[in-house]
Structure formats: C-alpha cells, structure tokens
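Here are some comments on the structure you sent round. They are set out as numbered points, so that each can be checked against the model in turn.

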Amino acid sequence: MRWNAQARAVTVCFGLVGVFSVFSVRLIDLQIVQHEKFTMLAAEKHNHKQIIYARRGIIRDAHNEPLAENIPVKTVVADASHIRDPEALAAAIADKLEMDPRDLADKLSQSGKGSKHLVLKAEIPEQTAGKIRESLWTSNLRGIYFDQDFVRVYPNGQMLSQVIGFVDHDHKGTMGIERTMQEFLQGTDGFRYIETDRTGKELVPYRGQESPAKDGCDVKLTVDLGLQNIVESELEAACAEFKPKDATVIMMRPQTGEILAMASRPCFDPNRPGEAAPDQEKNRSVTDMVEPGSTFKIVTTSAVLEEKLVTPDTTVFCENGHFQYAGRILRDAHPMGVLTVHQILMKSSNIGVAKLALQLGELKLYEYVRRFGFGQRTGVTLSGEIPGLVNPPYRWSKLDITRIPMGQSIAVTPLQLVTAMSCIANGGKLMKPMIVSNITDPDGRPVANFTPETVRQVISAETARKITSALKDVVSKQGTAQKAGVPGFRVAGKTGTAQKVDPRGGYMSGRYVASFVGFMPADDPKFTLLVLLDDPTIKDELAFGGVVAGPVFARIAEKAARYLDLRPTEPIPLQPGANGLKKVALSARSRE
Amino acid sequence: MNRNRRNITHSIKVASIFKVVISTIILAGAGLSYVYLKNQLQQYGEIQRRLEHELTELRTASEAVRVQITQLSSRAVLEKKLAKNSLGLVPIASDQIVRLNQRHDGLGDELKVVSNRGFNQ
C-alpha cells in the first residue's frame with residue numbers, strides 16, 4: 001500500500017479512535033464500575049455532618065432570677081489537610097491559646113498522622129476566638145476552625161449549690177435540679193449535611209438534609225433568692241459561731257409545700273465542681289438522716305390528741321425526771337412532776353411523751369409516724385433523696401415505745417421534719433414538698449405546671465390548733481426556746497437536742513444534733529423554718545436546740561418577715577435609741 | 001440538464017446558515033446562562049453563608065453579654081461589692097418602722113393641705 005494521503009488519514013483516525021477508546025474505557029471504569037467507591041471518597045472528603053448545638057435550658061428562681069446560665073465558648077480544632085505551614089500557624093495563635101509555640105507546632109505537625117481533626121483547646125471565650133480569627137486572616141493562614149460549645153455558669157456561686165447541682169463535661173446534669181430535670185433542660189441537638197470546597201468553606205447550594213436544634217426548656221423553682229440569701233448568710237454566721245460538722249436550713253410555705261429556701265453546709269462552688277469534695281456536694285436536706293430528738297414529740301402528742309385519748313389539759317405525772325421502763329431509766333433534762341399534755345410539749349418532757357406513747361400503743365404510734373410522712377421519700381424533685389429509717393413495730397425492742405416518741409431509734413431527713421411541722425401549720429394537711437414551679441419552652445410557652453399536692457389529712461384542724469397552741473408556748477419564758485422569739489410576731493416551734501448516734505453502737509457523749517423547727521406567724525403561718533446544726537462546738541450545758549438553733553431561727557425569721565413585708569401581730573418591745581431615749585414602738589393592734 | 005445545473009450552483013444557503021447561527025446562539029446562550037446562574041447561585045450561597053455566620057456570631061456575642069450582665073448583677077457579686085465599698089447601710093430596726101393602715105370607710109382619701117413645719121423638731 002502506498003503511503004498516500006488516504007492511508008495517513010486512516011491511520012490517524014484509527015489512532016484517535018484507539019486513544020479515545022482508552023479514555024472511554026477509563027471513563028466507564030471511573031464513572032460506572034468504581035462509581036460507589038469514588039462517591040464515597042468524595043463524600044468523605046467534602047461532605048460533613050455539622051452539629052447544631054441546642055442551648056441548655058435556664059434554671060430560674062421564683063422571681064425569674066437566673067440561677068444557671070450558659071456562656072457560649074469555642075473549641076479550637078485544627079484540620080491537618082488545610083495546614084501548610086505549622087510553624088507559622090503556631091506562632092500566630094500560640095499566645096492567644098496560652099500555649100507554648102513549639103509544643104503547638106509539634107502538635108500541628110503530628111496532626112495529619114493520626115486523626116485529621118485535632119482539638120487544640122476547649123472552652124475558649126468568644127473574644128479570644130475573634131482575636132485568633134483576625135490573626136489568621138492577617139497572616140493569610142488557614143487550618144484552624146472553631147466549634148460552638150457552651151459552659152454552664154452559676155451566677156450566684158455557692159448559693160443554692162446543692163439544690164441546683166452541676167453538669168459534667170458532656171453537659172449532663174450529675175446532681176440536683178440539673179440531674180432531675182435533665183430531660184427538660186438538655187434540648188435536642190440539630191444537624192445539617194454540608195459540602196465543602198478544598199479550603200474547607202461550605203458550598204451552600206449543595207446543602208443537604210437539615211434539622212434545626214431544639215433548645216432546652218427553662219425550669220422555674222419555688223425558691224425565692226431573697227429568702228435564700230437571708231438563709232445562706234445567717235447559716236454562714238451560725239457555722240462561724242458554732243463550727244458544726246454540718247448544718248441544714250429549710251424554709252417551706254406550709255399551705256403549698258413550696259420550698260422557699262434550702263441550704264446546707266459544707267457547700268461548694270458549682271462553677272468549679274472539680275474542687276468540691278463529695279461531702280460538700282451532698283444536699284443534706286434529703287440525703288442525710290438524723291435522729292430528730294424532741295422535735296419528734298409533735299407526732300406523739302398529735303396522735304394522742306387526735307385519737308382523743310387525752311385533752312391538752314389532761315395531766316401526766318412525769319416521775320420527777322426519773323422513769324424506769326423495761327429495765328432502763330428514762331430521764332428528763334430537768335425533773336418535772338405533774339404536767340398537762342400542753343406542758344409536756346412546752347417543756348419537752350421525755351417521760352411525759354413516753355407515757356403518752358404507752359397510752360397510744362405501738363401500732364397507733366407507728367401509724368401516725370407513717371402518716372406524718374416519715375420512713376418514705378417525700379417525692380421532691382431532688383436527686384438522692386432517702387426515705388429515712390422507721391422500723392415496723394414487729395422489729396421494735398421493748399424500749400422503743402418510750403424512745404421513738406422523743407425522736408430516738410428513728411431517723412428522718414431534715415425535709416421530712418420540716419414537712420411534718422408544715423402539716424401542723426397547715427391545719428393537719430400534709431403537703432408534698434415541691435421545688436419546681438413550672439417548665440416553659442424557649443418561647444415561654446408552658447410545658448408543665450406543678451401544682452401543690454395534698455398527700456393526706458394527717459390530723460384534724462382542731463388537733464393542729466391545740467398543738468400550735470402548745471408550740472407557741474415553747475417560744476416563751478416558760479418554754480424551751482425563748483431565744484427563738486421574733487419581736488412583733490408569735491412563733492410556734494419545737495426544739496430538738498438529740499445525742500449523736502455512735503456508729504459502734506449507743507450514743508456519743510457530749511455530741512449533739514441541735515435543731516429548731518417552727519412556723520411564723522403562729523396563727524397565720526407564712527413559712528415553716530428548720531434550723532439543724534450537727535455537732536456544734538459549744539459547752540455541754542449550753543448544747544440545746546433552743547440555745548444553738550433557736551437564735552438562728554429568730555434571726556432568719558425576723559429578716560424573712562421584713563423581706564416578705566409581714567405585718568407584726570404583737571407589740572414590738574421598746575428598744576433604746578441611738579440618743580439614749582426610748583422610741584415609741586407601734587404594734588399593729590395599737591395603730592388600728 | 002436542470003438537475004446538473006442545480007448541482008453546480010454555489011448559491012449561499014441563508015436559511016441553513018441562519019438556522020445554524022440561531023441554534024448556536026441558543027445553545028451558547030443556554031450554556032452561558034447556566035454558567036451565569038450557577039455562578040450567581042454560588043455567590044448568593046456565599047453571601048448566605050456569611051450572613052448566617054454573622055448572625056450566629058451576633059447571637060452568640062449577645063448571649064455572652066447577657067450572661068455577663070446576669071453575672072455582674074447577681075446577688076453574690078452585688079453583696080461582695082456592697083461589702084467592699086462599705087456603703088454603711090444599716091438594716092432598719094423593727095421598732096423604727098411605722099405602718100400606715102389604709103382606711104376602708106372612704107374617709108381620708110380626699111386631698112388635704114398639709115404642712116411639714118415642725119416635722120423635724
């Protein structure tokens with residue numbers, strides 16, 4: 001064949017056909033045969049699932065004052081595939097991240113070897129993130145990105161710390177309201193599938209499926225921060241004065257069971273939970289149990305009056321302070337002869353109340369103990385609540401019928417005690433303690449409203465009135481808690497001085513739990529208040545509830561009355577003025 | 001004869017050229033429009049991304065400032081400042097408070113001329 005034009009053309013044509021056939025085969029191989037593989041590779045490199053974080057709900061007090069908030073922060077992440085010059089990048093941002101430039105450069109150089117993304121630092125403030133961004137922009141560097149995050153902050157520090165609790169690193173509540181309300185507070189994170197270019201910038205037109213974040217609900221408590229502040233400052237002062245092992249104060253609205261204030265010592269700062277010892281984190285109001293001592297006498301006295309076995313004027317011989325029963329001797333703090341039932345409560349006679357219990361019988365006493373809510377969880381929305389310890393009568397020793405009425409051989413939580421006293425203040429109606437008032441969604445729409453819940457009518461209103469009458473006299477010159485009195489108001493309450501239980505058996509000598517639980521104003525109670533100090537440092541002869549806890553009660557109650565703007569019901573005693581003259585004291589009665 | 005003459009005629013086929021040109025213009029126009037629109041989409045996407053980012057940043061900054069205000073106006077901080085600045089505030093004693101009862105009989109509601117003379121004596 002001659003190598004003419006036609007032959008050359010045919011050769012070129014075949015050549016081209018051959019080349020394009022190779023291209024076609026490769027194209028078919030890439031586009032069809034290995035389609036899945038390359039799609040996956042591309043998606044892996046350029047498609048990302050972007051998390052849209054939900055904001056955790058805010059916890060507020062009864063007046064919407066924030067108790068737990070979120071501060072937005074950033075997590076600094078390095079993307080190895082976008083870093084060209086690790087040294088320059090490290091030099092540009094190391095000082096802002098408060099890191100050593102050499103360490104950071106090493107980290108950035110190593111970042112490509114393991115995971116492509118490397119977290120450099122978490123929880124950096126927004127301002128710092130802005131400065132880093134600016135620095136990267138001016139240096140024309142890339143490879144550093146920021147993930148949105150938040151840090152939970154508690155603006156009031158230690159105040160109410162054990163009630164609110166705190167969150168862990170995964171933003172999950174680990175105790176207190178943060179834990180019990182986790183389901184409502186946490187919200188639901190959203191997501192968005194995005195595609196990025198080679199510089200890591202999102203290509204918006206190729207956005208994929210998207211689901212918006214659902215922010216957490218806000219939780220409103222029944223706690224009034226004004227009252228909480230009063231309680232905390234007075235508790236702090238009491239702890240400084242008596243140096244107890246631990247201490248608890250609870251304030252409750254008796255008609256509804258709303259907890260107005262709750263504080264324990266020792267406490268911690270929830271903004272730095274890592275520094276807190278387990279002992280400081282305990283909300284002793286619900287997690288600890290103590291022998292209540294004489295405050296428990298209200299149960300036995302209520303029971304005998306309710307069962308109409310006695311009247312307030314029925315007399316009981318108190319054996320002059322020395323009563324032998326079941327081979328053991330029961331003593332009173334001061335020898336007493338014949339007392340009325342009213343006086344037994346007023347003077348806190350152990351023998352008197354033991355005799356009343358003997359008259360009542362084991363089964364009835366146990367029934368009333370349970371009816372007042374002891375031995376079972378109150379159901380308050382606080383984590384770690386225990387039921388206390390109330391043995392059934394078949395496990396009682398022969399001695400228990402005389403010991404339980406005076407608050408021994410039984411263990412209760414401080415919350416149970418204040419709830420029982422609130423029952424007396426509320427005309428015999430036992431209310432379920434409540435600390436969460438309502439839950440609202442981020443737009444303020446109500447999700448759940450918690451209303452006061454009556455547990456049961458424990459005693460009649462008439463019996464409650466009789467007990468209140470005796471409790472009013474407790475806070476008088478004849479009673480055991482004169483120092484718990486508040487000028488201008490009638491206070492009803494009961495002291496408690498319980499010997500501390502020795503873990504090895506028996507009771508510890510010279511170590512007491514001093515308490516006072518009462519309500520004010522006695523005839524129209526606005527709050528019930530419990531002050532409990534465990535093992536106060538004080539002389540043995542002064543270690544009484546009325547001496548230790550009574551004055552603390554009085555100081556808190558006086559300030560609370562002022563805060564709540566309660567109208568005095570009694571004449572206010574005259575006090576010497578600054579110029580030495582007596583000032584005119586006006587009572588509500590004299591002005592009307 | 002006519003057929004042969006027609007075959008050797010080199011007349012310009014205006015209609016065909018016109019069709020090709022129009023088709024080319026349409027195709028080119030469609031192609032350019034597609035590229036233009038794609039480009040626009042990209043640009044608006046970029047604007048959207050930037051605005052979304054700005055909005056998020058502003059919201060975040062606003063949230064941070066709001067929390068800062070909450071922290072600075074919290075009771076704990078105010079109490080500390082009160083103690084630090086020692087303003088000398090003293091709680092009013094109970095016997096220094098005078099409560100004025102509102103009359104329910106309607107009397108005393110009318111405005112009266114009062115004098116403060118001698119009030120501070």
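The points below go from domains and cores to single residues, and then to the contact between chains.

1. Status of the model. Please keep in mind throughout that this is a predicted model. Every value in this note is therefore to be read as belonging to a prediction.

2. Domains. Chain A is divided into domain 1, residues 50–219, and domain 2, residues 225–563. The centres of domain 1 and domain 2 of chain A, taken over C-alpha atoms, are separated by 47 Å. The two do touch: 26 residues of domain 1 of chain A are in contact with 25 residues of domain 2 of chain A. On the domain 1 side, the elements that give two or more residues are α6, α7 and β8 (218–221) of chain A. Of these, α6(A) gives the most, with four residues. Sorted by class, the domain 1 side has 13 nonpolar, eight polar and five charged residues.

3. The largest core. How many residues does the largest nonpolar core have? It has 125, and those with the most contacts inside it are V223(A), V531(A), F553(A) and A557(A). Helix α19 (residues 545–563) of chain A supplies the largest share of this core, ten residues. The core also draws at least three residues from each of domain 1 and domain 2 of chain A. To look at one member, start from A557(A): leaving out residues up to four places away in sequence, A557(A) touches V486(A), V491(A), M520(A) and L529(A). There is a second, separate core of 19 residues, which includes L89(A), A92(A), I93(A) and F150(A).

4. A helix in the open. Helix α2 of chain A, residues 35–46, has twelve residues, and at 1.5 Å a residue they should span 16 Å. The end C-alpha atoms of α2(A) are 16 Å apart, which agrees. Is α2(A) largely buried or in the open? The number of its twelve residues that are buried is zero, so α2(A) lies largely in the open.

5. A sheet of three strands. In chain A, three strands form an open sheet in the order β1-β6-β7, with antiparallel pairing. β1 (47–52) and β7 (210–211) of chain A stand at the edges with a single partner strand each, so one side of each has no neighbour in the sheet. Strand β6 (residues 190–195) of chain A is joined to β7(A) by two bridges. On β6(A) and β7(A), you can look for F191(A), whose bridge partner in β7(A) is S211(A).

6. Two cis peptide bonds. Most residues other than glycine have a negative phi, and most peptide bonds are trans. Against that background, a cis bond joins R265(A) and P266(A), with omega about 0°. P266(A) sits in the loop between β10 (258–265) and α10 (278–281) of chain A. Another cis bond joins M520(A) and P521(A), with omega about -15°. P521(A) is in the loop between β20 (507–520) and β21 (527–534) of chain A.

7. Two positive phi angles. H171(A) is not a glycine, yet its phi is positive, about 65°. It is found in the loop between α6 (161–164) and α7 (176–180) of chain A. D535(A), also not a glycine, has a positive phi of about 60°, and its place is in the loop between β21 and α19 of chain A. Which of the words buried and partly exposed fits each residue? H171(A) has 20 other C-beta atoms within 10 Å and is buried. D535(A) has 19 such neighbours inside 10 Å and counts as partly exposed. The cut-off for buried is 20 or more.

8. A cysteine in a loop. C267(A) lies in the loop between β10 and α10 of chain A. With 25 other C-beta atoms within 10 Å, C267(A) is buried. Its C-alpha atom is 6.7 Å from that of Q158(A), although the two are 109 residues apart along the chain. Not counting residues up to four places away in sequence, C267(A) touches Q158(A), S161(A), Q162(A) and Q280(A).

9. Contact with chain B. 28 residues of chain A are in contact with 23 residues of chain B. On the chain A side, β3 (66–79), α9 (225–242) and α20 (588–591) each supply at least two residues. The largest share, four residues, comes from β3(A). By class, this side of chain A has 16 nonpolar, five polar and seven charged residues.

Technical notes
Residues numbered from 1 in each chain as written. Chains lettered and ligands numbered in written order. Predicted model: local features only at pLDDT ≥ 70, side-chain atom pairs only at ≥ 80, totals over all residues. Core = buried A, V, L, I, M, F, W, Y, C linked by C-beta atoms within 7 Å. Domains from an automatic or database assignment. Contact = placed C-beta atoms within 7 Å. Expected span 1.5 Å × (residues − 1). Nonpolar A, V, L, I, M, F, W, Y, C, P; charged D, E, K, R; others polar. Pairing = 2+ DSSP bridges.
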